[in-house]
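User: Hi! I'd like a close look at one part of this model, with enough of the surroundings to place it.

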Amino acid sequence: MIRNIVDWLEERTGIETAIRSFLYEEIPGSSGWHQVFGSIATFLFMLQAFTGIMLAFNYAPTPGEAYNSLKYIMMELTGGSLMRGLHHWGSSMMIVVVVLHMCQVFLWGAYKKPREATWILGVVLLLLTLAFGLTGYLLPWDNRAYWGTVVTTKIAASAPLMGPYIEHLMGSDGSIGVVTFTRFYAAHVLLLPPLTMILIALHIFLVRKHGVAPAAIETLPPKKFYPGQVYIDTVGIFASFVLLFVLAVAAKVPLERLADPTDTSYIPKPDWYFLFLYELLKVFPGSLEILGSFILPGLAVLGLFLVPFLDRQKLARLRQRTVAFGVLILAAMLWTGLTVKAVVDSPKPLELNTELLDAPQLPWQEMTPEEVAGIGYYRKENCAGCHSPGKIGPDLTRPTARKTAAWMIEHFKHPQDVVPGSAMPPIRLNDSQLNTLAAFLLQLTPQNASVIESTPAFAVDGAILYQKQQCGGCHVVNGSGQKLGPGLNGVALRRSKNWIQENFLNPQKMSPDSPMPPYKFKPKDMEAITSYLLALPKV
Amino acid sequence: MDRRTFQLGSIFGLWALMGAAMTTPALIYLLFPPKARKKTDFVEATDLKELTVNAPEEVVFRRNRADGWKVTSEKTSAWVVKTAANQAIAFAPSCTHLGCAFHWDERKKEFICPCHASGFSADGKVLSGPAPRALDRYQIKVEGTKLLIGEVVKG
């Protein structure tokens, strides 16, 4: 019965012959476990397609709903967090496996004539894999997605010559919103998958056309692909599947807060496989940045494409390919070094480079703690909601809006008593907080108005604590405060973060004669005030 | 067991295992209802004082419905038949055949579906046409003279 159906199909489609010739292809006797990665990568691609389709069944691809629908998938649908977990970790695993596949081909010299085109297609597939990662990163529309993409698109927009066009293409001129989101989604689900499928098919076709690359010296007779190598590939695929499944079940998949473009305290970070590029940017400051953002990565990709043309020697045995090993180890060390540095650096991003302290770089660094704390209250009370261009309230940066502190405080408490008919609601802060707010507003000018947006959250939080604890009763910062204790400008040049934190907890341990009382801050507050102090410029 | 048999067994066994490990959760994911779903609340639809006994009336009211990841506030209607001073039946507004909106035919004294001419009596029973079962009813509560409408129960 089955035989009859197969025969019927075979006669009309030739499918049995096709499968047979695929499975019973001859491969070199040296083939084995080192060649599993190509199959695993293909398998992972199909798995990504499957879980991606599953997610798409319940995912609404607009910034307004993406986050909520993803939360619904993860929280309310049975198996939803598994699907997202598989898709999330699958993307990382895909990159690992694709890179391992390239390393294997590179070490074994399998890109040599006549397999140059196969290698070039492979490099294109690597770039497509990275493009999947880049576009997929935005789709959860949480803070991580939003801010990560802000940085990515800004880097792309700084490209020489093409920058503005790339920016336009990504719909990110000005800011990230519906247009960018939709384009990233379309690329992720409509453009990249068929393109990748076609190129994988071509890649496999070329592998078949030239045959699996033999070793330099084949000692064993050729063998059939099936079942020996298929068994090996299956075990490899199964091992990666188990690992991925365990990750998807056991490891937490990040879903942060909903994307918040006003969150000035958020520190964007790309996914781990792009961290080295992110770190590379820091290596080249200022006008050299383009080296790290385009020239070096561009050269690296160009180098990858040219590998088969740079190495034209006759294939040598694996052990004799010392240059290939050397290049790979060097690349791995560079990658690891940059990635580790990025990971080590990023938990304490609040600390500023001490060079910055030589002269005030940012406007808030020149302000007194009281004024910086005032920014905090300005934000907390959402003053900008009314006092912005085009809004109902007057422009507070104009000199004519400036009154005395006493007038302001009275106006904060009873707006309508001071300005009849004012639409302003009374501000519910205590007197010292209102004083602080007034101190800031007295300093506000059109030139420094950007501090309202640009001052980092740690500085504001730190300054509020500084005010609350009345540190200015003994210390001077930017010319404000009493000189009983040491001035705190440029303290980062004299003391370490640890020293300062120890000193808060137990001042007499650090400096025996100090009259300073101990301060037992909560960890979050400790972090904020130390970071603030460390960022104070040298006078 | 020779080497070849072991390899063949492993190939088919492992692929079957992986197939099952993917299709089972995928089916659960697609078919199981969402967790944490709140029951639809009862909402006030009309005042029974305004209705006449045995004169079916279409009542439109607004309610919140959980719809996937959102709660939608939507307009819904019910055909309310007051049966006694403080008693009523509320029919869901769609025919049990293919879901068309039916209406009350005052002359024939029955609910008529315009699509395939199903007819229902004032208490929802099928009188004619292809409808497979009686009209679906809303769960109701009467508080004083106020009629509160809840979820639809199959007729």
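How many helices and strands are there in chain B? And could you then take me to the side of chain A that touches chain B, and on into the parts of chain A behind it?

Analyst: Happy to! Please keep in mind that this is a predicted model.

Chain B has one helix and ten strands. Along the sequence the order is α-β-β-β-β-β-β-β-β-β-β, with the helix ahead of the strands. Chain B has 155 residues, and 19% of them count as buried. If you take its contacts between residues at least 6 apart in sequence, 42% join residues at least 24 apart.

Chain A is built from 23 helices and two strands. Of its 539 residues, 32% are buried. For contacts between residues at least 6 apart in sequence, the share that joins residues at least 24 apart is 77% in chain A.

Now to the part you asked about. Where the chains meet, 24 residues of chain A are in contact with 22 residues of chain B. On the chain A side, the elements that give two or more residues are H3 (37-56), H4 (66-75), H5 (80-108) and H10 (225-250). H10(A) supplies the largest share, nine residues. Sorted by class, this side of chain A has 14 nonpolar, seven polar and three charged residues.

A good residue to zoom in on here is Gly80(A), which is found in helix H5 of chain A. Gly80(A) counts as buried because 24 C-beta neighbours lie inside 10 Å, and the cut-off for that label is 20 or more. Beyond its neighbours within four places in sequence, Gly80(A) is in contact with Ile73(A) and Met74(A), and also with Tyr29(B) from the other chain. Leu55(A) is 25 residues away from Gly80(A) in sequence, yet the C-alpha atoms of the two are 7.8 Å apart.

H10(A) also holds a backbone feature worth checking: the peptide bond from Tyr226(A) to Pro227(A) is cis, with omega near 0 degrees. Pro227(A) lies in helix H10. A cis bond also joins Lys113(A) and Pro114(A), where omega is about 10 degrees; Pro114(A) sits in the loop between H5 and H6 of chain A.

The helices named at the contact with chain B also take part in the largest nonpolar core. The elements that give two or more residues to this core are H3, H4, H5, H6 (116-138), H7 (143-157), H9 (178-210) and H10 of chain A. H5(A) gives the most, twelve residues. Of the 54 residues in this core, Ile40(A), Ala41(A), Leu44(A), Met94(A), Val97(A) and Trp141(A) touch the most other members. Val97(A) shows how these pieces come together: leaving out residues up to four places away in sequence, it touches Phe37(A), Ile40(A), Ala41(A), Leu44(A) and Ser240(A).

A second, separate core has 39 residues, including Leu434(A), Ile452(A), Ile500(A) and Leu534(A). Further along chain A, the axes of H14 (residues 369-380) and H17 (residues 431-443) come within 7 Å and cross at roughly 105 degrees, so H14(A) is roughly perpendicular to H17(A). Among the residues making this contact are Ala373(A), Ile375(A) and Tyr378(A) of H14(A), with Leu437(A), Phe440(A) and Leu441(A) of H17(A). The contact has eight nonpolar, four polar and two charged residues.

H17(A) also helps to cover the buried residues of H15(A), as does helix H16 (415-418). Those buried residues are Met408(A), His411(A) and Phe412(A); seen down the helix axis they fall within an arc of 100 degrees, so they line one face of H15(A). Lys413(A) is in H15(A) too, but it counts as partly exposed because it has 15 C-beta neighbours inside 10 Å. The C-alpha atoms of Lys413(A) and Ile427(A) are separated by 5.9 Å, with their positions 14 residues apart along the chain.

Finally, two asparagines to check in your torsion plots. Asn382(A), in the loop between H14 and H15 of chain A, has a positive phi near 50 degrees, and it is exposed, with 9 other C-beta atoms within 10 Å. Asn478(A) also has phi near 50 degrees and lies in the loop between H19 (457-468) and H20 (491-494) of chain A, but Asn478(A) counts as buried because it has 20 C-beta neighbours inside 10 Å.

Methods: Residues numbered from 1 in each chain as written. Chains lettered and ligands numbered in written order. Predicted model: local features only at pLDDT ≥ 70, side-chain atom pairs only at ≥ 80, totals over all residues. Contact = placed C-beta atoms within 7 Å. Helix = DSSP H or I, 4+ residues; strand = E, 2+ residues; numbered from the N terminus. Nonpolar A, V, L, I, M, F, W, Y, C, P; charged D, E, K, R; others polar. Buried ≥ 20, exposed ≤ 12 C-beta atoms within 10 Å, placed from the backbone. Axes fitted to C-alpha atoms, helices over the stretch in contact; angles between N-to-C directions. Parallel < 35°, antiparallel > 145°, perpendicular 65-115°, else oblique. Core = buried A, V, L, I, M, F, W, Y, C linked by C-beta atoms within 7 Å. Arc of directions from axis to C-beta.
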